[in-house]
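Visitor: I'd like to go through some of the labels people put on a structure and hear what backs each of them up. Can you take me through a few?

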Amino acid sequence: MSSKIAVVGCTGAVGIELVKCCHARKSVFGDAPPDLYASARSAGKTLDTPYGPLTVVEFNVETLKAKAYDFIFLAVSGGFSLENAIPLTTNASGTPTYVIDNSSAYRYHDEVPLVVPEINFDSIAALDSKLIANPNCTTAIAAMALYPIHQEFKLKKLIVSTYQAASGAGEPGMQELLEGCKAHVNGDARPDNKIFSHPLPFNCIPMIDKLQENGYTKEEMKVAWETKKIFGTDDIKVSTTAVRIPTLRAHAEAITLETEKDISPQAVVDCLKGKPGVVVEDDPANNVFPLPLTCSGRDDVSVGRIRQSLIFDNKGIDLFVCGDQLLRGAALNAILIAEAIVT
Ligand code: HSE
């Protein structure tokens, strides 16, 4: 079987991962490469991809509708998605085009499913929607680890502290971190910062995204809003502190959770065993735990440092989660949604 696929925003960090994931899953989607689209600025460029060199074409909504794609992956800004995502779900031949949008534009619309395929794939059919929202990467990573625990022990409260890599701000974020590190090595103690609000090397920045009226940032509130929508409940209380740290890739999160039912570290290990996309790496005596360096480029979410909570006792757990946010938290999640639709 083969699918006609387009990646819009193919030159960004998530767009590049989307192309790599299409190739990695070509047994599902077929050998043909996706068509690559971007703004006029990037049109005409040739990208090195696992398929070989591919040329980027300027995005135009009518061009895409005429091509009657099976799947269009959007890795673009929210404003672009608001304008284009819904028109792209209909095409010239009348066949279904599924549009999977990585921006936050439609995530909180009741009629648009917000999907982590291992958790709530059914919501696509339930809402009969061709537009599907891909979650915030921090949320998707935590959700993979937390949903099995929720199913078995019913989550009541989550306290989340994030450690988010520079690549959460895209390729320019990684470049700023690398250039800043070089500047330090060369003896310039004050590297420039344009992408981040402060220099990131040898630092951490406890504010990601725009401040909301309640004093939390949008990134922090996304974890609350999106976890509830993906899990299909308003009954979990979520409070988050989102922090940028000087790693290049893979977001980590320290999570304290309170449950309705009694829970223990061994029960968490047992409950996560064999769950798709999740691995337990928890042998602290031998320094084995989730790390951004070892989670980068990996498809699964790693869970470790699983401890009985000293606050919630036998109804609480502390744990540490890490996953590649460009891959598992974004591109791979989108590809797995499409794969589940195809198969
Ligand atoms: N907004 C995230 C970050 C990336 O800045 O790290 C996607 O969640």
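Guide: Happy to. Keep in mind that this is a predicted model. Let's start with Arg-244, which lies in strand S10 (residues 237-244).

Visitor: How do you know that Arg-244 has no salt bridge?

Guide: A salt bridge needs a side-chain nitrogen of Lys or Arg within 4 Å of a carboxyl oxygen of Asp or Glu. For Arg-244, the nearest side chain of opposite charge is Glu-219, 6.4 Å away. That is beyond the cut-off, so no salt bridge is counted, although Arg-244 is buried.

Visitor: What makes the approach of the Arg-244 side chain to the backbone oxygen of Ala-165 a polar contact?

Guide: A polar atom of that side chain lies 2.8 Å from the oxygen, and the limit is 3.5 Å. Arg-244 also touches a number of residues beyond four places away in sequence, including Phe-196, Leu-200, Cys-204 and His-251.

Visitor: On to the rings. How many aromatic pairs are there?

Guide: The count is eight.

Visitor: Why is the pair of Phe-71 and Tyr-98 called stacked?

Guide: The ring centres are 5.9 Å apart, and the planes meet at 25°. Pairing asks for centres within 6.5 Å and stacking for planes under 30 degrees apart, so both conditions are met. With Phe-71 in strand S6 and Tyr-98 in strand S7 (residues 98-101), the pair ties together parts that are 27 residues apart in sequence. Both residues are buried, and ring pairs link them with Phe-29 and Phe-73 into a cluster.

Visitor: What makes Tyr-163 and Phe-320 a tilted pair?

Guide: Their centres are 5.8 Å apart, with 55° between the planes. Under 30 degrees would be stacked and over 60 edge-to-face, so 55° falls to the tilted class. Tyr-163 belongs to strand S9 (residues 155-164) and Phe-320 to strand S14 (residues 313-323), so this pair ties together parts 157 residues apart in sequence.

Visitor: Why is Tyr-163 called partly exposed?

Guide: Its relative accessible area is 33%. Buried means under 20% and exposed over 50%, so Tyr-163 sits in between. Lys-275 gets that label too, at 31%; its place is in the loop between helix H10 (265-272) and strand S12 (278-280).

Visitor: One last thing: how do you know that S1 pairs with S6?

Guide: Pairing takes at least two bridges, and four join S1 to strand S6 (residues 71-74), running parallel. Val-8 of S1 stands opposite Leu-74 there.

How values were computed. Residues are numbered from 1 along each chain as its sequence is written. This is a predicted model: local features need pLDDT of at least 70, side-chain atom pairs count only at pLDDT 80 or more; totals for chains, interfaces and linings use all residues. Side-chain values use heavy atoms; hydrogens and water are left out. Helices (H or I, at least four residues) and strands (E, at least two) are DSSP runs, numbered from the N terminus. Buried means under 20% relative accessible area, exposed over 50%, partly exposed in between (1.4 Å probe, protein chains only). Lys and Arg count as positive and Asp and Glu as negative; His and the chain ends are not counted. A polar contact is a pair of N or O atoms within 3.5 Å; within protein, one must be able to donate a hydrogen and the other to accept it, and residues adjacent in sequence count only if both atoms are side-chain atoms. Contact means heavy atoms within 4.5 Å. Rings of Phe, Tyr and Trp (its six-membered ring) pair if their centres lie within 6.5 Å; planes under 30 degrees apart count as stacked, over 60 as edge-to-face and the rest as tilted.
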